[in-house]
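Reader: I should like to go through this structure element by element. Please begin with the terms on which the description rests.

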Amino acid sequence: MGILHTLKSCFTAKPKLREIDSTRPASAGVTAVFHTPPILTEKPITQLATPTITGTTTPFTQQALIVATKGTYLLDESFPVPEIQDGEEVLIRNHAVGLNPIDWKSVDWNFCIPTFPWVTGREMSGVVEQVGENVTEFKKGDRVWTSTDYYRDIRSGCFQEYVIAPKHTVKPIPSKLSFESAACLGVCGLTAAMTLWKWLGIPMFDTAQSSQSSGNLLLVWGGSSITGQFLIQIATYSGLEVIAVTSERTAELVSRLGAKHVITRDDKSNDDIVAEARAIGGDAIVKAVDIVGPETAVYCMKALSSKSPVQLAPLSFLPKDVVTPPNVSIENVEMKWFVLNKISESYATALNSLVERGCVKIPELDVIAGGLAAIPEGLNMQKRGNLGGKKLVVSLRG
Ligand SMILES: NC(=O)c1ccc[n+]([C@@H]2O[C@H](COP(=O)([O-])OP(=O)(O)OC[C@H]3O[C@@H](n4cnc5c(N)ncnc54)[C@H](OP(=O)(O)O)[C@@H]3O)[C@@H](O)[C@H]2O)c1
């Protein structure tokens, strides 16, 4: 009902659209699009105080980057501002969005897009604009972040100026964090936390645990990915001994984040990497997370213990036809459960606490200026890869 209503409004509002092809640089007629979006260094915290709220009314229309058809974005200058339809919802004014591989994959390959037009984007930070009648936790002007990794409500797509989120998915921004840093907690940060705590059954941190190693070995294939960087930090804090697979370029980074053993992958076959992992862990690696793809997920399985019960979380899928040994449990990480299951709020609260206390650091950012119009080129940068462990965030703050 909510989605239908919003889509109907979308069609009845007078459209002012500018077309942006996700696969090409912006055309000259699209004035707001940067051919190469300027990358900013992150602004110092002193410049990041909550902006003064000017005006008290929420506009009826906003700018939104909509997916018009497969692979085509349109910048709509008068897209309806989504409305609160449930007393437990929060309307957030968007200040920064994090970019993730799923954002371009879903548009290019046409999945997780229920209909056209659609608004994608799964993580953001900003300030509270309105709250539903049953929301006492937040008030207008509060600095917050959210994860909207459930793609079936167009009001929650993050590539628009105003975003609706259920209150259990909204968290205050840790005190020392900028909007841009907070914008990358919702997908990679939360995925790492929930993969460990929910799917791999690692007890949620407590202070006593943090200083002790359990001796349990965790293999992280793709350690320098943004998800990997969060995962290594949280796992190490939780007492796991991490073996990370990464390139030579990012080996020092993952070591600094806490990986006890680093296997560099340059010029090596996956069989070589498995042999190195087994040389380190013997037949005692009991948990693995693959953050690269179906092929490396299979090799993760080969590095795991052949006798003990073991768990593998393949974040980028496992081939359908793979034969899983009886001692291996495959944990399918589906982040929609953060939105659909209210008790998952505890994972975001715990992650926030780790960040607040400085136990988990935010990855180095490349902040792209230019607002929503810069997102398609930002996604192209992500598609090209080679980001060297830096997270792409788009600032909507001018
Ligand atoms: N299931 C879920 O809910 C979920 C949630 C979040 C992410 N994901 C998936 O997880 C994957 C990573 O996401 P992300 O945003 O964290 O990615 P990202 O930051 O873009 O990670 C890319 C990095 O992976 C590393 N890499 C590439 N090939 C590798 C290989 N063969 N072995 C080891 N490392 C390799 C590269 O670093 P080096 O060159 O330094 O090695 C590269 O910089 C994506 O496929 C994403 O869709 C799934």
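Author: Two strands are taken to pair if DSSP finds at least two bridges between them. Strands (E, at least two residues) and helices (H or I, at least four) are DSSP runs, numbered from the N terminus. The model is predicted: local features need pLDDT of at least 70, side-chain atom pairs count only at pLDDT 80 or more, and totals for chains, interfaces and linings use all residues. Residues are numbered from 1 along each chain as its sequence is written.

Reader: In what order do the 6 strands of the open sheet stand?

Author: The pairing in this open sheet is parallel. Strand S12 (261-264) and strand S15 (328-330) each have a single partner strand, so they stand at the edges with one side lacking a neighbour in the sheet. The order is S12-S11-S10-S13-S14-S15.

Reader: Which residue of S13 is the bridge partner of Leu219?

Author: Strand S10 (residues 217-221) and strand S13 (residues 285-290) are joined in the parallel sense by 5 bridges. Within S13, the partner of Leu219 is Ala288.

Reader: At what angle does helix H9 run to S13?

Author: Angles run from 0 to 180 degrees between N-to-C directions, with axes fitted to C-alpha atoms, for helices over the stretch in contact (C-beta atoms, placed from the backbone, within 7 Å). Helix H9 (residues 294-303) lies across S10, S13, strand S14 (310-314) and S15. Its direction makes with that of S13 an angle of about 170 degrees.

Reader: Is strand S7 enclosed or open to its surroundings?

Author: A residue is buried if 20 or more other C-beta atoms, placed from the backbone, lie within 10 Å of its own. On one side of S7, Arg143, Trp145 and Ser147 are buried, and on the other Val144 and Thr146 are buried as well. Because 5 of the 5 residues of S7 (residues 143-147) are buried, the strand is largely enclosed.

Reader: Which residues stand opposite Val144?

Author: Strand S6 (residues 123-131) runs antiparallel to S7 and is joined to it by 5 bridges. S7 also pairs with strand S9 (residues 170-172) in the antiparallel sense, over 3 bridges. Opposite Val144 stand Gly126 and, in S9, Pro172.

Reader: Which helix gives the largest share of the largest nonpolar core?

Author: A nonpolar core is a set of buried Ala, Val, Leu, Ile, Met, Phe, Trp, Tyr and Cys residues joined through C-beta atoms within 7 Å. This one has 114 residues, and Leu190, Leu219 and Ala288 are among those that touch the most other members. The largest share, 10 residues, comes from helix H4 (residues 185-199).

Notes
Buried ≥ 20, exposed ≤ 12 C-beta atoms within 10 Å, placed from the backbone. Contact = placed C-beta atoms within 7 Å.
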